[in-house]
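Q: Hey, I'm new to this one. Can you walk me through the structure?

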Amino acid sequence: MRGDENGLLACYRLDAAIEGLFHDYGPRSGWGHAASGVTLADTNGPPLPTTTGAPYRLKTRGKLVRESVAGPKIANKMLGLGGSQTKQLYGTVMVYDATVEVTTPAGDGASDRSLEVRIDRPLSAFVGPTEKGELKPWKADETQVVPLNGAGKVRLRFLADDLGCPTIRVRVAGAAGGVWTAIRPDAPVQQRLRTIEGDDLTNPAPGRRNPLPAGTSSDDANALADAFRRLTTQFPAAPLAPPPSPPENRPLLKPQPRGLLGAIGNAAGSVGGAISSTAGTVGGAISSTAGTVGGAISSTAGTVGGAISSGAGAVGDAVSSGAGAVGDAVSSGAGAVQDIWEGTSNGLEDVWYDAETALGDIWNDALGALDPAALGNKILDTASGVIAGAQRTAKSAAGLIVRGVNELDALRKKVEGASRRAGTQAIGALVDSAETLAVEVSELTDTGMAWIEIIGTTIVDGAEAAWRVVVSGVEEAFAAMEALVKRIAAEVREILEFLAYLFLWDDFLAASDEIHALLDDSFQQLRAKTPQLGAYKAQLADALRKGVEQAVGQRSVGDLFGLDIDAARPVLEPLEYVLEKLQEALESVDVVFDLADDVTSGLGAPDAAVLNTASGLTGKLPDLTQVSTVLGTPISQLLAQNGALADGSSSLLDVLFDGVVTRGVDAFDLAGKQFRARIKVPVLTDAIEATILGGRTFTVMRVVALVGAIVGVLTEKSTKKAQGKSNVSPMITPKSGVQPKSGQPQSSRDAQRILWASMALGLVNSLVLTTKTGLELLGKAAKKFSAILAATGGICTSLRGVLTLARLPSLPAKVQPYTGANAGLEIVTGAWTVLSAYVTYKVDDLWRPFDLVAFGLLGLATTTLSAVALGTGNLQGDSQIVTFSLRCGSWVSSSLMRLSEKYDDSDKSGRLKIVTVGFAVVSGAIDVAEAIYGNVDEVQQQVG
């Protein structure tokens with residue numbers, strides 16, 4: 001079941017609950033809470049396939065964002081300029097995007113797969129790069145097939161015209177038993193609106209503008225914000241777990257897909273301790289609701305008819321009573337005509353006057369029962385979406401929305417007899433015609449839900465008609481908000497601009513300039529250290545012969561180093577956005593590394609004896625056929641062949657270190673040119689440089705600097721905010737770079753930048769390798785371009801080793817020897833990666849067996865040193881343990897990723913390439929975790 005089938009009222013996947021919060025997969029996009037004490041139990045033959053145990057895992061997220069897209073090209077002549085060139089114009093559009101990342105339960109990637117995508121209502125989709133401005137209409141209820149990129153990800157983008165975005169449903173194409181996953185890209189918008197205040201609108205944050213019409217007062221803004229907050233009670237809130245209680249007895253005009261009617265079991269009649277039959281409970285809830293709907297409508301109709309009959313009867317009784325009084329008075333006057341005529345006459349007039357007055361009052365009361373509520377029932381026809389004859393005058397928010405106590409009471413009295421209407425069309429028509437209105441919220445006891453009505457009046461042909469309309473669910477709440485916005489002459493686009501995710505690039509770019517300079521300096525240090533790398537040959541051999549403590553050896557790789565296939569990388573939207581743009585550029589068929597596409601090497605074909613030795617050792621390397629299997633392997637088992645590898649690899653190590661020492665500088669110089677080269681992709685490059693980089697050149701090195709700055713600035717700001725240190729001057733200020741805090745030593749600021757840059761190098765290395773692997777898997781990677789990508793990843797690895805050596809003095813003294821050795825091996829690994837990339841390009845695959853063993857030796861040595869260091873027990877305090885464990889995890893995951901890449905180079909089936917992508921995902925997650933933890937710890941020490 002997809003959730004968008006015809007006639008479906010609601011579809012709750014009870015096995016996909018998040019902290020007791022259930023989402024409706026149906027078209028109404030609702031939600032519900034599980035009551036306290038409810039247990040969800042497995043059943044035999046559930047009506048829907050479970051979301052667990054599927055062949056693929058989908059991680060999804062959505063947001064509203066501004067994007068720059070390409071517009072028309074204008075000839076210079078049209079701009080009054082000389083020459084025949086054209087100028088590309090760009091425009092800003094609002095986009096709802098949904099990012100989907102696919103992996104297997106084993107942690108492997110899914111680069112070779114595609115997604116099936118369905119939407120609940122028509123949208124305009126961006127097909128291909130956003131910057132090319134290609135829009136294609138997608139129809140509701142039609143399945144689109146979209147390929148995943150090299151990382152097993154895809155970013156679905158839709159033009160945002162409305163406050164709400166329809167549900168987007170995705171699943172992996174062709175996957176047996178694949179379950180549809182629902183995505184709501186407007187979820188962040190919902191949460192933003194839940195807390196919006198009038199001051200947010202009139203005094204927006206930097207980078208935003210007031211979305212309301214000119215002349216809007218603070219009272220207007222407060223009135224609109226209050227109405228928005230009331231309507232957002234239909235949006236999912238924080239999960240609640242109140243004691244079970246029946247919902248408040250209010251008429252329900254239609255099923256409430258925003259929840260399971262509060263307590264799931266109570267909606268169907270009784271929970272009975274555990275929900276053992278999902279189908280029966282949900283079906284019972286829907287049937288029960290349908291019965292209530294019919295009863296409510298009949299009851300409402302009967303009440304209206306009864307009120308009219310009662311009013312008419314009261315008029316008749318009053319007339320009869322008045323006539324009787326007149327008759328009695330006349331008879332009484334006839335009995336004493338001579339004596340009291342005048343008095344009787346006056347009394348008769350008084351009696352008649354009293355009867356007339358009573359009749360008038362009763363008649364007016366009867367008319368009051370019909371007007372304005374009954375008048376509204378009679379003349380307010382919403383079928384066309386427009387109220388015929390409505391006198392629609394311009395309204396400010398404060399003039400439209402009733403909030404005063406007395407005014408609210410008066411409005412409530414007017415609508416008492418009004419029939420309740422429902423549906424988005426009725427909401428739009430009534431709010432659009434409103435003279436006055438109010439949003440009424442009634443909490444349904446202990447359910448976490450609310451009953452929402454909009455009540456109001458409309459002037460039709462000079463008469464006041466009163467009405468009330470129910471707002472049920474997410475879609476109707478958004479419809480009400482849009483109608484309110486239009487009624488006060490505001491623009492939906494302006495509200496979208498205000499609510500969109502805001503990328504404050506100035507802050508990030510200022511910090512990135514400092515990191516960029518640090519990377520330049522590190523490159524010079526790398527050139528200086530390369531001739532000295534031979535010293536690490538003995539350390540590598542010694543590391544392979546080291547034993548790990550028994551207790552450490554029994555622990556699995558994942559457990560010891562904190563590597564988890566289920567650990568999602570912290571989502572920092574600017575970071576994800578930049579990385580997605582880099583990957584989009586690298587995957588483009590038009591990409592060129594400007595003036596740096598040479599690939600040369602001084603190495604020729606390998607010696608036959610060396611190749612024979614390497615081939616004999618490949619069988620002693622760890623088996624990397626599945627990510628989860630490797631991470632679950634005990635350390636002692638992973639390192640079991642270290643001794644044999646150390647004994648048989650002497651000649652290989654000679655070749656490895658001789659090549660790095662003698663040819664490493666030249667190889668780094670070439671890779672450095674590519675690292676700094678402008679990445680040229682038609683349209684895309686110009687757009688990135690103009691909208692993200694503030695005019696800076698789009699290079700891998702710039703992206704590394706920006707990635708590091710984003711993580712550093714965001715974690716620093718959030719940590720300081722959490723500390724509540726309002727008197728602390730920020731280290732990063734817009735367009736000003738790094739500013740020293742009073743009393744803060746230069747080395748502390750440098751340590752932060754080193755940490756940021758180190759993380760960014762690891763993350764970009766993972767992305768570049770993932771892109772290379774994905775392109776190779778799809779058969780889209782030219783051999784030369786694969787070499788450039790591999791070399792780029794290699795220089796990222798070596799630069800990270802240089803930065804780790806720079807961090808050495810700030811680490812605990814007892815782990816410095818292990819850290820220094822691993823940093824040196826990291827530089828060697830990167831150096832051989834660069835050489836190997838160029839060698840493979842020039843002499844085909846002759847070096848492949850050697851490469852496999854070389855990276856295996858380097859990775860196993862790094863893993864051994866990390867395990868020994870963690871087993872020494874020399875770390876003190878949680879901070880030291882966590883920080884160093886994350887660093888070791890980063891080394892090990894990066895080594896596994898690199899070794900897996902060499903395995904997959906010889907795998908023609910492509911099966912092992914998805915394993916490489918899986919290791920890259922794990923490596924990226926731990927790199928970001930290390931940077932965030934280290935930065936938070938550093939900032940806390942500064943402000944504490």
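A short chat about the helices, rings and loops follows.

Q: What kind of model is this?
A: This is a predicted model, where local features need pLDDT of at least 70, side-chain atom pairs count only at pLDDT 80 or more, and totals for chains, interfaces and linings use all residues. Residues are numbered from 1 along each chain as its sequence is written, and side-chain values use heavy atoms, with hydrogens and water left out.

Q: How many helices and strands does the protein chain have?
A: The protein chain has 30 helices and 21 strands. Those are DSSP runs numbered from the N terminus: helices are H or I with at least four residues, strands are E with at least two.

Q: And how much of the chain is buried?
A: Buried residues make up 53% of the 944 residues. Buried means under 20% relative accessible area, exposed over 50%, and partly exposed in between, with a 1.4 Å probe and protein chains only.

Q: Cool, now helices. How do H3 and H11 pack?
A: Their axes are 10 Å apart, at an angle of about 165°. Axes are lines fitted to C-alpha atoms, for helices over the stretch in contact, and angles run from 0 to 180 degrees between N-to-C directions. H3 and H11 are therefore roughly antiparallel to each other; angles under 35 degrees count as roughly parallel, over 145 as roughly antiparallel, 65 to 115 as roughly perpendicular and the rest as oblique.

Q: Which residues make that contact?
A: From H3, Leu224, Ala227, Phe228 and Leu231; from H11, Ala477, Ala480, Met481, Leu484 and Val485. Contact means heavy atoms within 4.5 Å. The residues of this H3 and H11 contact divide into 9 nonpolar, no polar and no charged. Here Ala, Val, Leu, Ile, Met, Phe, Trp, Tyr, Cys and Pro count as nonpolar, Asp, Glu, Lys and Arg as charged, and the others, Gly among them, as polar.

Q: What about H13 and H22, where do they meet?
A: Asp520, Phe523, Gln524, Leu526 and Arg527 in H13 meet Val665, Phe668, Asp669, Gly672 and Arg676 in H22. That contact of H13 with H22 holds 4 nonpolar, 2 polar and 4 charged residues. The axes of H13 (residues 505-529) and H22 (residues 650-676) come within 10 Å and cross at roughly 165°.

Q: Switching to rings: how many aromatic pairs are there?
A: The count comes to 12 aromatic pairs. Rings of Phe, Tyr and Trp (its six-membered ring) pair if their centres lie within 6.5 Å; planes under 30 degrees apart count as stacked, over 60 as edge-to-face and the rest as tilted. Phe235 and Phe478 form a tilted pair, 4.9 Å centre to centre with 40° between the planes. That pair links distant parts of the chain, 243 residues apart: Phe235 is in the loop between H3 and H4, Phe478 in H11.

Q: Are those two rings buried or exposed?
A: Phe235 is buried, at a relative accessible area of 0%, and Phe478 is buried too, at 3%.

Q: Which rings form a cluster?
A: Ring pairs link Tyr501, Phe503, Trp505, Phe508 and Tyr577 into one.

Q: Last topic: what's odd about Asp461's phi?
A: Asp461 has a positive phi of about 50° although it is not a glycine. Asp461 is in the loop between strands S16 and S17, and at 67% relative accessibility it counts as exposed.

Q: And what is the phi of Asp141?
A: Asp141 has a positive phi of about 65°, again without being a glycine. Asp141 lies in the loop between S8 and S9 and is partly exposed at 40%.
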